[in-house]
Amino acid sequence: MLDKLFRQRPAKAFGARLYAAAVAQARSPAFYSDLGVPDEIDARFELYVVHVVLLQQRLAGHGAAAAETAQALFDAFIQALDDSLRELGVGDLSVSKKMRRLGEALFGRATAYRDLLAGPDREGITGLIARTVYGDEAALERAAPLADYVIRAHAALALEPLPALLQGQVVWPEAEVLSAPVVGAVR
């Protein structure tokens, strides 16, 4: 009986695996070398957010098991943020204030990405990424390849088998700059 009480629920473990996969993808060197994402705390946080939000959106509306896994993914992200703040030396009294701000940012980004990916609205996603990841609303040209990646990742996740995701398995597209088609090229 005690074993059942203290045994970790499978969704919690799978949510943690999905979070680890999101972090691993967000740390991919291609984001920083090829897509020009600044290698700074704020930009890395934004890439984590993008990947967690993409996974949560894929799991949304697919039943109780998907909802439980999505919640476990979110919980793992929040715990990692809390742990990171404490490792950075943020005092106990300040952690809750900072966590509240980070939570509000996460919720705002999740809402914005959900709405923009519904179209998808490439221009809107590019603007959001320019403001949040690159920290410069005028960085639209720099943000465009990352916006294209986000749209590709959203489409790729839609094709990922739900049972694999519910087991914490995800395959991400490559983070790369795709060459734009040449206007007026003969086909």
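**View 1. Lining of the second largest pocket.** In this predicted model, the lining of the second largest pocket splits into eight nonpolar residues, five polar and one charged. The elements that each contribute two or more residues to this lining are α4, α5 and α6. Helix α6 gives the largest share, six residues.

**View 2. Centre of the second largest pocket.** The second largest pocket holds about 250 Å³ of space. Its lining is made of 14 residues. Nearest the centre lie Q56, F74, L106, F107 and A110.

**View 3. Centre of the largest pocket.** The largest pocket encloses about 550 Å³ of space. A set of 21 residues lines the largest pocket. I41, F45, Y48, L81 and S84 are the lining residues nearest its centre.

**View 4. Helices and residue types around the largest pocket.** Five helices each bring at least two residues to this lining: α2 (10-26), α4 (41-59), α5 (64-87), α6 (92-117) and α7 (122-132). Helix α4 supplies the largest share, six residues. By type, the lining of the largest pocket counts 11 nonpolar residues, two polar and eight charged.

**View 5. Helix α8 from end to end.** Helix α8 covers residues 140-159, 20 residues in total. From first C-alpha to last, α8 reaches 28 Å. That is close to the 28 Å expected at 1.5 Å a residue.

**View 6. Buried residues of α8.** The buried residues of this helix begin with A143, A144, P145, L146 and A147. Y149, V150, A153 and L157 complete the set. Two of these residues, L146 and Y149, return in the views of A175 below.

**View 7. A175, beyond α9.** A175 sits in the segment that follows α9 (162-166). Is A175 buried or exposed? A175 counts as buried, because its relative accessibility is 5% and the cut-off for buried is under 20%.

**View 8. Surroundings of A175.** Neighbours within four places in sequence are left out here. The remaining contacts of A175 are Q25, A30, F31, D34, L35 and Y149. Y149 is one of the buried residues of α8. L146, also a buried residue of α8, has its C-alpha 7.8 Å from that of A175. Along the chain, A175 and L146 are 29 residues apart.

Key:
Residues numbered from 1 in each chain as written. Predicted model: local features only at pLDDT ≥ 70, side-chain atom pairs only at ≥ 80, totals over all residues. Heavy atoms only, no water. Helix = DSSP H or I, 4+ residues; strand = E, 2+ residues; numbered from the N terminus. Expected span 1.5 Å × (residues − 1). Buried < 20%, exposed > 50% of the residue type's maximum accessible area, 1.4 Å probe, protein only. Contact = heavy atoms within 4.5 Å. 1 Å grid on protein atoms, 1.4 Å probe; cavity = no way out; pocket = protein on both sides within 12 Å on 5 of 7 lines; lining within 4 Å. Points joined across faces, edges and corners; volume = space filled by probe spheres on them. Nonpolar A, V, L, I, M, F, W, Y, C, P; charged D, E, K, R; others polar.
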